[in-house]
Structure formats: C-alpha cells, structure tokens
Amino acid sequence: MTDKVILDVQHLKKYFELGHHHTLKAVDDVSFQIREGETLGLVGESGCGKTTCGRTCLGMYNKTDGTVLYNGKDVHALKGAELFAFKKEAQMIFQDPYASLNPRMTVSDIVAEGLDVHHMTKNKAERTERIYELLNMVGLNKEHANRFIHEFSGGQRQRIGIARALAMEPKFLVLDEPISALDVSIQAQVVNMLIKLQQEMGLTYLFIAHDLSMVKHISERVGVMYLGSLVEITSSGELYSHPLHPYTQALLSAIPIPDPEIEAQRETARIRLEGEVPSPIDPPPGCKFAGRCKYATERCRQESPSLRDMGGGHYVACFAVEG
C-alpha cells in the first residue's frame, strides 16, 4: 500500500426519483478515500446504500451530487478515450455468480469478453493462452474453458467472474458482496485468493459486505454505512477493538462466535436494537439512527452529525461520542 490516493469520494449523493414527489436517498453525503494497494471494507445492513455507492463510484449510476475522483480525474466527467481507459482499469465483481454470468456462453467467451472489446490479444492463439492463464490465476484449469456455467458450483462461478474482471488488467476493483452467495466453507478460499491476487498484482479494493468477520480479514480500513450515510470509518483493528458509534457496536456484538459455550455466555452482552429502520424515502430529521439509539438526545433528533476525527484517523458521526 502506498500513500497515493487512487479514489477520492467527496460528499457523494445518489438519489432516485420514484414519482409522486418521492425521492429515495440511497447514498446521502458520503466521503472517503482509498489509497493505492489498500482494501477499504464497506459494511452495513441490507439496503443501507453500499452497492449503490460502489456502482456510482464506477460511473455505473450517474451521481446526484458530489465528486468521485479516480487518480485525480472526475469519473462522471470522463468521455471518449479517457472513459474507455477508466472502464478497463476499474472493474466490478458482482454479488450473484448465478445472475452475472451469461449461461449461453462458454467460460472461454465469458472470460474473454473484455479482451475482445479492448482488442487486448493479437490472434486466436494468444487469446486462448491468455484465457488459460486467467483461469489458472483463480484456481481453475484450461479444461474448464469450453464448459458452460451450469456445470460449475457457486464458488467456481465466482472465480470465473473474478477471472473475467482480471482479464482487463485492472488496478481498482469494486467487490460487491463477492462471497455472500457462497457456502461458508468456500468463502474463506475466495477471500484468501483475492488477498493473494492483490499482493501479486498490486490491486486496490473497495470490498462491500455485511459479514463483518470476513471484512476484518481482508480490509485495512472499514467504513460503516447506515441508511445511506457513513457513520464510522477507521482502521480495521481499531474498529473491532474500539468501536465508537452505537450502530457499529450493535453490529459487532451480533457477530456469532463458533464456540457455543462462549456464545451462550455472551448472549447477555449482545446489543439489541429497538425500533424500526427508518425509510430512506422519508428519513427523519437529525441523526437517522436516533430512533434506535439509547443515547439519543433532543439534539440528535434535530441535527445531523457529520464525520469527525476523534484522533488517529478514527472518524465517527455521533454527538454522544463527541461529548
């Protein structure tokens, strides 16, 4: 990891107009940076805006407001050759390996999609050799190349999706819950493979997930999202040992422990959130978490806290923590 910032996201907003004067605030004023070679984990409950944030960072969704700079260039202003180059350098690996791969195409043609679009091989023999090389990189072999997707397990399909992304020789990858559809026994294999590929190729990751234990394993820093906003961001070790935001504390307390005796003893320490998650279409004024937070005050219900550095690069958006 270097000190060079490869992705700089500032005050990013992505709203969806639903008609009848209703607006879904999927991403609402999110800011973060990712350094070259780093993995930033982005976690939170389903529907909190993680995937929308990742897709907007790649320009797959048009932003509503804010800026996304990739190597200093505004992603949403790129055109022509610069846009073409960005799409090659920045790739996305999708959550569902069953829906993101074309069942009518062979593995060979799936992996080579980017190679063909960007004319990255000179002839058929070079194309075939590159496909075999990519399959080998993700733990598959050349015998898999002429098969169809239905012949593979979920873990193998995800590896094929990763090979397709790596074919572009990317520098930045958005990993959108890449292991959530896989069996627990396969998840660690895929994550370890991603770590190995990152080390070998100098890749930079935005790793989107809701499994906090796996995020800790792969990420140098972790950002926690709630209802479209970042509520905490810090180093992985700091977040797990010293979580500051009440929502982060609740998420971490819910991580299961494999030892049943320890898990039983911990039941009383588990933080159970009361109340309903507010609607992102009609969020409450002030802090969005106030209705579920035992520390909430009248100020919390009226004002919206912004991320504040509590020292050592540990940012949190919470009036109770600020004191």
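Here are some questions and answers about a predicted model. Local features need pLDDT of at least 70 and side-chain atom pairs count only at pLDDT 80 or more, while totals for chains, interfaces and linings use all residues. Residues are numbered from 1 along each chain as its sequence is written, and side-chain values use heavy atoms, leaving out hydrogens and water.

User: In what order do the eight strands of the open sheet lie?
Analyst: Strands here are DSSP runs of E with at least two residues, and helices are runs of H or I with at least four, numbered from the N terminus. Two strands pair if DSSP finds at least two bridges between them. The pairing in this sheet is mixed, and the order is 6-7-8-3-9-10-12-11.

User: Which are the edge strands?
Analyst: An edge strand here pairs on one side only. That description fits strand 6 (90–93) and strand 11 (308–309).

User: Which residue in strand 12 is the bridge partner of D309?
Analyst: Strand 11 and strand 12 (residues 315–316) run antiparallel and are joined by two bridges. In strand 12, the partner of D309 is Y315.

User: How many of the 13 residues of helix 6 are buried?
Analyst: Buried means under 20% relative accessible area, exposed over 50%, and partly exposed in between (1.4 Å probe, protein chains only). Among the buried residues of helix 6 are G154, R157 and L166. The buried residues pack against strand 6, helix 3, helix 4, helix 5, strand 7 and helix 7, where contact means heavy atoms within 4.5 Å. Helix 6 is largely enclosed by the rest of the structure, because its buried residues number twelve.
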